[in-house]
Amino acid sequence: MSDYLDYWLKSYVKSNTSPNTYRGYEQIIRVHLKPILGHIKLQELTSLQLQNYYVDKLEDLSAQTVKHHHRLLSKALNDAVDWEFVNKMSP
């Protein structure tokens with residue numbers, strides 16, 4: 001996850017968002033996502049790990065802030081599927 005999030009920041013966020021959005025996303029990734037999810041291989045990330053991340057973050061952050069983390073992760077992971085870094089699982 002760590003390497004992918006770095007790649008996503010450089011290849012998508014930097015060219016498709018404002019400088020302020022880029023800085024905000026970079027901070028969320030550096031301060032929050034990488035320390036908890038960064039060691040997990042992108043292909044091995046599970047819904048349960050994401051849910052546990054959100055639950056843990058709700059202890060220290062507002063619900064609105066955690067929603068922002070969710071939107072960032074959702075976009076990054078959807079891009080990973082679109083770019084064929086991972087396969088989309090069928091229901």
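Which element gives the most to the lining of the largest pocket? I opened the notebook with this, bearing in mind that the model is predicted.

**Entry on the pocket.** I looked up the largest pocket and noted a volume of about 440 Å³. Its lining is made of 15 residues, and those closest to the centre are L45, L77, V81, V86 and N87. I then noted that α3 (47–57) and α4 (63–82) are the elements that give two or more residues to this lining, and that α4, with five residues, gives the most, which settles my opening question. By kind, I could divide the lining residues into seven nonpolar, six polar and two charged.

**Entry on the aromatic rings.** I searched the whole structure for aromatic pairs and found eight. For Y7 and W83, I read a distance of 5.9 Å between the ring centres and an angle of 90 degrees between the planes, so I entered the pair as edge-to-face. Because Y7 belongs to helix α1 (residues 2–16) and W83 to the segment after α4, this pair ties together parts that are 76 residues apart in sequence. I also paired W83 with F85, whose ring centres are 6.2 Å apart with planes at 70 degrees, so this pair is edge-to-face as well. As for exposure, I noted Y7 as partly exposed at 42% relative accessible area, W83 as partly exposed at 34%, and F85 as partly exposed at 37%. I closed the entry with one aromatic cluster, formed by Y4, Y7, W83 and F85.

**Entry on charges over rings.** I found the charged end of K14 over the ring of Y22, 5.2 Å from its centre, and the charged end of K75 over the ring of Y12, 4.5 Å from its centre.

Definitions and conventions: Residues numbered from 1 in each chain as written. Predicted model: local features only at pLDDT ≥ 70, side-chain atom pairs only at ≥ 80, totals over all residues. Heavy atoms only, no water. 1 Å grid on protein atoms, 1.4 Å probe; cavity = no way out; pocket = protein on both sides within 12 Å on 5 of 7 lines; lining within 4 Å. Points joined across faces, edges and corners; volume = space filled by probe spheres on them. Helix = DSSP H or I, 4+ residues; strand = E, 2+ residues; numbered from the N terminus. Nonpolar A, V, L, I, M, F, W, Y, C, P; charged D, E, K, R; others polar. Phe/Tyr/Trp six-rings, centres within 6.5 Å; stacked < 30°, edge-to-face > 60°. Buried < 20%, exposed > 50% of the residue type's maximum accessible area, 1.4 Å probe, protein only. Lys NZ or Arg CZ within 6 Å of the ring centre and 35° of its normal.
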